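Thanks for making time, everyone. Please have the viewer open while I talk.

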Amino acid sequence: MKIPFLGHRREKRGAPDPEGIAELLAECELLRSHASRAGVELDDTTASLEAVDQLVPRWREDEEILPWLGNDAGLYLGTVIVRTVPGASWKIRPDGQPVVRLASGREFDVVASGQEWAASGVPELSQLYAEVAEA
């Protein structure tokens, strides 16, 4: 049976929705929860990265939370970069890892950086942002 008003709709598979991806990656629920309990509002600004750097790292004592919080920290860093650095955007590598691509074409593995920050506090997220923003 043909129903003419329905037409031939075909969904484009594999066509990413950049805004949807950005919103999904910006959730960072665990980091936002930890920050909120410490009175820090994550408003996607560089000032909020500095505030996150000052959080007491109680998560380092919990090996189960540490990798998740590091992942969220990296995604939050990437969110701030994408929203404030002209030409920066999210890219999903073939292995599924989200990275930030700068206008220059340079890619920045924010999740790896977030993992390092969560484990040791070094380098600070605000410092990483400054390095990427000036590149």
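**A buried tyrosine, a histidine and a sheet**

Let's start with Tyr76, which lies in helix 4. One caution before I go on: this is a predicted model.

Is Tyr76 buried or exposed? Its relative accessibility is 0%. The cut-off for buried is under 20%, so Tyr76 counts as buried.

What does Tyr76 touch, leaving out residues up to four places away in sequence? The list begins with Cys28, Leu31 and Arg32. Then come Leu42, Asp43, Asp44 and Thr45. Ser48 and Leu49 complete the list.

One distance to note down. Tyr76 and Val111 are 35 residues apart along the chain. Their C-alpha atoms are separated by 9.0 Å.

Next, His34. This residue lies in helix 2, which covers residues 29-37. Its relative accessible area is 18%. That is under the 20% cut-off, so His34 is buried too. His34 touches Trp59, Ile65 and Leu69, again not counting residues up to four places away in sequence.

Now the sheet. Three strands form an open sheet, in the order 1-2-3, with antiparallel pairing. Which strands are at the edges? Strand 1 and strand 3, since each pairs on one side only.

Take the pairs in turn. Strand 1 is residues 89-92, and strand 2 is residues 98-101. They pair in the antiparallel sense over four bridges. Ser89 stands opposite Arg101 in strand 2. Lys91 stands opposite Val99, also in strand 2.

Strand 3 is residues 107-108. Two bridges join strand 2 to strand 3, and these run antiparallel. Here Arg101 turns up again: it stands opposite Glu107 in strand 3. So look at Arg101 from both sides, with Ser89 across from it in one pairing and Glu107 in the other.

On to the hairpins. The hairpin of strand 1 and strand 2 has five residues between the strands. In it, Gly96 takes a positive phi near 90°. The hairpin of strand 2 and strand 3 also has five residues between the strands. There, Gly105 takes a positive phi near 100°.

Last, the helices against the sheet. Helix 4, the helix of Tyr76, spans residues 66-84. It lies across strand 1, strand 2 and strand 3. Helix 4 runs at about 135° to strand 1. Helix 5, residues 110-120, packs on the sheet as well. Helix 5 touches strand 1, strand 2 and strand 3. The direction of helix 5 makes about 110° with that of strand 2.

That's my tour. Over to you.

Methods
Residues numbered from 1 in each chain as written. Predicted model: local features only at pLDDT ≥ 70, side-chain atom pairs only at ≥ 80, totals over all residues. Heavy atoms only, no water. Pairing = 2+ DSSP bridges. Contact = heavy atoms within 4.5 Å. Axes fitted to C-alpha atoms, helices over the stretch in contact; angles between N-to-C directions. Buried < 20%, exposed > 50% of the residue type's maximum accessible area, 1.4 Å probe, protein only.
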